[in-house]
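Grab a pencil and keep the 3D view open while you work. Each exercise below comes with a worked solution that goes step by step.

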Amino acid sequence: MRKHFFTTLAFTALSFLATAVPAQQPPASQAPAANRGKPEDTEVWEPVPKIVTPGVPTSGPPPSDAVILFDGNNLDQWVSVKDKSPAKWKVASGVITVDKSTGNIETKRSFKNYQLHLEYLIPENIKGEAQARGNSGLFLASTGPGDAGYELQILDSYNNKTYVNGQAGSVYKQYPPLVNACRKPGEWQSYDVVWTAPTFNADGSVKTPAYVTAFHNGVLIQDRVELKGETVYIGKPEYKAYSSSAPIKLQAHGDPSPPISFRNIWVREL
Ligand code: MG
């Protein structure tokens with residue numbers, strides 16, 4: 001009898017908690033990041049994309065109608081994300097090298113739908129492992145400060161294990177690349193991307209989602225994937241309405257590995 005009483009009491013208390021607690025919690029979209037879970041919750045480790053050795057280097061002069069974002073001379077087309085002052089990354093010998101102390105940079109101009117070409121170099125002396133090895137990123141639309149927006153991951157994924165939806169060529173934590181087409185550190189690599197910007201209704205809801213097609217060193221790695229929202233480190237991706245035109249951003253990732261370099265960056269507006 002006594003045991004039954006406590007069982008009933010415990011059951012009543014549990015029932016109360018089960019109904020009362022969820023009603024007191026804010027919806028996930030309003031919860032602080034700490035309540036959205038851990039970064040590990042959104043890591044995917046398998047299947048591991050197979051390795052494809054790319055063919056000839058995919059570099060060359062831009063087409064005649066391209067908007068040149070970097071031609072080897074200066075960062076006139078770029079600003080610092082945090083205060084919109086002139087971009088302070090280093091330019092020497094025709095290449096840009098990330099200056100991690102000065103943060104992310106983005107284009108002065110905004111773009112909606114486009115084709116983009118970019119080349120990057122993981123230094124031959126790269127150190128570190130997993131996400132702390134040559135990490136940078138190409139944000140196809142920069143929708144705010146820091147890492148806000150839609151990131152196509154840049155990382156040294158040549159013999160470097162990490163979660164597959166965070167390896168080089170992933171749409172960060174949404175789509176692993178179809179294959180791993182990385183070149184060795186010390187060799188120039190290319191991304192060629194087609195970006196279809198999301199569009200939004202007047203009330204901020206999604207009218208049409210974003211799509212990405214991408215080639216890594218000439219090899220297809222993303223085949224018109226439909227994005228689930230902005231790319232985020234913690235929690236579920238969500239769309240946040242913007243005008244559909246946004247700067248293109250490059251990431252200064254905080255890991256201690258030697259900085260990577262860029263050259264030959266251009267876009268064709270569609
Ligand atoms: Mg990154």
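The protein chain has a mean pLDDT of 90, and 87% of its residues reach 70 or more; pLDDT is the predictor's confidence in each residue, from 0 to 100. This is a predicted model, where local features need pLDDT of at least 70, side-chain atom pairs count only at pLDDT 80 or more, and totals for chains, interfaces and linings use all residues. Residues are numbered from 1 along each chain as its sequence is written.

**Exercise 1. Find the stretch where pLDDT stays under 50.**

Step 1: Look at residues 1-31, where pLDDT stays under 50.
Step 2: Check their contacts (two residues are in contact if their C-beta atoms, placed from the backbone, lie within 7 Å). For this stretch the model has 4 contacts beyond four places in sequence.
Step 3: Where pLDDT is low, don't read the predicted coordinates in detail.

**Exercise 2. Work out how many helices and strands the protein chain has.**

Step 1: Use the DSSP runs: helices are H or I with at least four residues, strands are E with at least two, and both are numbered from the N terminus.
Step 2: Count them up, and you get 1 helix and 15 strands.
Step 3: Now for contacts between residues at least 6 apart in sequence: 68% of them join residues at least 24 apart.

**Exercise 3. Put the strands of the 5-stranded open sheet in order and say which stand at the edges.**

Step 1: Two strands pair if DSSP finds at least two bridges between them.
Step 2: Following the pairs gives β2-β5-β14-β7-β8, with antiparallel pairing.
Step 3: β2 and β8 each have a single partner strand, so they are the edges, and one side of each has no neighbour in the sheet.
Step 4: Zoom in on one edge. β2 and β5 (residues 105-107) are joined by 3 bridges, and Ser 80 sits opposite Ile 105 in β5.

**Exercise 4. Describe how β12 and β13 are connected.**

Step 1: β12 (residues 211-216) pairs with β13 (residues 219-226) in the antiparallel sense, over 5 bridges.
Step 2: One bridge links His 216 to Val 219 in β13.
Step 3: The two strands make a hairpin with 2 residues between them, and Asn 217 in the turn has a positive phi of about 55°.

**Exercise 5. Is Gln 77 buried, partly exposed or exposed?**

Step 1: Locate Gln 77 in the loop between β1 (67-70) and β2 (78-80).
Step 2: Recall the cut-offs: buried means 20 or more other C-beta atoms within 10 Å of a residue's own, exposed means 12 or fewer, and partly exposed is in between, with C-beta atoms placed from the backbone.
Step 3: Gln 77 has 19 C-beta neighbours inside 10 Å, so it is partly exposed.
Step 4: Beyond four places in sequence, Gln 77 contacts Leu 69, Phe 70, Thr 107 and Lys 108.

**Exercise 6. Which element gives the largest share of the largest nonpolar core?**

Step 1: A nonpolar core is a set of buried Ala, Val, Leu, Ile, Met, Phe, Trp, Tyr and Cys residues joined through C-beta atoms within 7 Å.
Step 2: The largest one has 46 residues, and Leu 138 is among those that touch the most other members.
Step 3: Elements giving two or more residues include β6 (114-121), β7 (136-142) and β8 (149-154). The largest share, 4 residues, comes from β7.
Step 4: Look around Leu 138: leaving aside neighbours within four places in sequence, its contacts are Leu 118, Leu 152, Ile 154, Tyr 191 and Leu 250.
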